[in-house]
Amino acid sequence: MKMLEEKLKIDKISKGTVIDHIDAGYALTILNLTGLDESKNLMTIGVNVSSKKYQTKDIIKIENVFLNETQMQQISILSPNATISLIENYKVIEKKKVKIPKTIKKLIMCVNQTCISNSEKEPISTEFTVLEEKPLKIQCVYCERIYKLEEIVFTSKEKKGKKVKQRIQL
Ligand SMILES: [Zn+2]
């Protein structure tokens with residue numbers, strides 16, 4: 001693991017994004033959920049990399065890709081400690097921590113079948129209030145059901161330009 005950490009430090013990318021301090025074991029879920037796994041760009045993924053701050057962490061480096069707001073939100077839900085660094089000419093031009101929004105819209109499903117967001121006739125977009133960030137606890141604004149991180153079902157992701165309904169169960 002030590003060697004992998006060294007290697008990840010050495011393998012700098014010229015341009016793109018480094019997602020660091022991902023909670024250990026979540027890198028592949030993040031790639032899948034954000035649709036980054038569809039990318040043809042060069043990616044380096046480190047899973048269970050030793051970290052001074054969090055013991056182990058995951059890290060993703062992806063060339064020529066910058067994240068959009070939805071992807072940042074998805075990462076913040078799965079890994080509230082994650083940091084995003086934007087790289088240009090091998091240098092970090094911007095580094096930011098992900099931030100969980102106060103309300104999460106559309107990204108998560110409410111699994112309560114009687115919730116108005118699952119209404120067959122007039123389905124409405126889901127909306128959750130973030131009650132606690134660490135550990136994550138959210139509440140459906142419609143039926144008031146409360147979810148912990150491991151109970152969350154994500155709704156959909158962009159795939160090759162079109163929206164594909166996909167449930168991602170953690
Ligand atoms: Zn609900």
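User: Hi! I just clicked on Val141: how does that residue count, buried or partly exposed?
Analyst: Val141 counts as partly exposed, because its relative accessibility is 35%, which falls between the 20% limit for buried and the 50% limit for exposed. Please keep in mind that this is a predicted model.

User: Thanks! Where is the place of Val141 in the chain?
Analyst: Val141 sits in a loop, the one that links strand 9 (137-140) with strand 10 (146-148).

User: And which residues make the nonpolar surface patch with Val141?
Analyst: Ile116, Ile124 and Tyr142 join Val141 there, and the patch they make covers about 310 Å².

User: Back to those two strands. How many bridges join strand 9 to strand 10?
Analyst: There are 3 bridges between strand 9 and strand 10, and the two run antiparallel. As a landmark, look for Gln139, which stands opposite Ile146 of strand 10.

User: What holds paired strands together in general?
Analyst: Strands in a sheet pair through hydrogen bonds of the backbone, and the pairing can be parallel or antiparallel.

User: Which order do the strands have in the open sheet of 4?
Analyst: The order is 6-8-9-10, and the pairing is antiparallel. Strand 6 (103-105) and strand 10 have just a single partner strand each, so they stand at the edges and one side of each has no neighbour in the sheet. On average, neighbouring strands of this sheet are turned by 30° against each other, if direction is ignored.

User: Let's stay with strand 10 for a moment. Is Tyr147 buried or exposed?
Analyst: Tyr147, which is found in strand 10, is buried, because its relative accessibility is 2%, under the 20% limit.

User: What is Tyr147 in contact with, leaving aside its neighbours within four places in sequence?
Analyst: Its contacts include Cys110, Val111, Asn112, Phe128 and Ile152, as well as Leu136, Lys137 and Ile138. Take Val111: 36 residues separate Val111 and Tyr147 along the chain, and their C-alpha atoms are 9.8 Å apart.

User: Which loop is Ser117 found in?
Analyst: Ser117 lies between strand 7 (108-109) and strand 8 (127-132). Although Ser117 is in a loop, it counts as buried at 7% relative accessibility. Setting aside neighbours within four places in sequence, Ser117 is in contact with Cys110, Pro123, Ile124, Thr126 and Tyr142. Two of these, Ile124 and Tyr142, also belong to the nonpolar patch.

User: New topic: how many salt bridges does the structure hold?
Analyst: It holds 3 salt bridges. One of them joins Asp20 and Lys57, whose closest N and O atoms are 3.0 Å apart. That pair links distant parts of the chain, with Asp20 in strand 1 (residues 16-23) and Lys57 in strand 3, 37 residues apart.

User: Are Asp20 and Lys57 buried or exposed?
Analyst: Both Asp20 and Lys57 are buried.

User: And which residue does Lys96 form a salt bridge with?
Analyst: Lys96 pairs with Glu94, at 3.8 Å between the closest N and O atoms. Lys96 is partly exposed with a relative accessible area of 31%, and Glu94 is partly exposed as well, at 37%. Another salt bridge brings together the side chains of Glu132 and Lys137, at 3.7 Å from N to O. Glu132 is partly exposed at 38%, and Lys137 is partly exposed at 29%.

User: You mentioned strand 3. How many bridges does strand 3 have with strand 2?
Analyst: Strand 2 (residues 43-51) and strand 3 (residues 55-63) are paired antiparallel over 7 bridges. They form a hairpin, with 3 residues between the strands. One facing pair to look for is Met43 and Ile62.

User: What about helices: which residues are buried in helix 2?
Analyst: In helix 2 (residues 27-34), the buried residues are Ala27, Ile30, Leu31, Leu33 and Thr34. Just after helix 2 comes Gly35, which takes a positive phi of about 80°.

User: To finish, how many helices and strands are there in the chain?
Analyst: The chain has 3 helices and 12 strands. It is made of 170 residues, of which 42% count as buried. Its accessible surface comes to about 10100 Å², with 51% of that belonging to carbon and sulfur atoms. For contacts between residues at least 6 apart in sequence, 55% join residues at least 24 apart.

Notes
Residues numbered from 1 in each chain as written. Predicted model: local features only at pLDDT ≥ 70, side-chain atom pairs only at ≥ 80, totals over all residues. Heavy atoms only, no water. Patch = residues over 30% accessible without salt bridge, like charges linked within 9 Å, V, L, I, M, F, W, Y side chains within 5 Å. Areas by Shrake-Rupley, 256 points an atom, 1.4 Å probe, with all protein chains shown as cover. Salt bridge = Lys/Arg side-chain N within 4 Å of Asp/Glu carboxyl O. Buried < 20%, exposed > 50% of the residue type's maximum accessible area, 1.4 Å probe, protein only. Pairing = 2+ DSSP bridges. Axes fitted to C-alpha atoms, helices over the stretch in contact; angles between N-to-C directions. Contact = heavy atoms within 4.5 Å.
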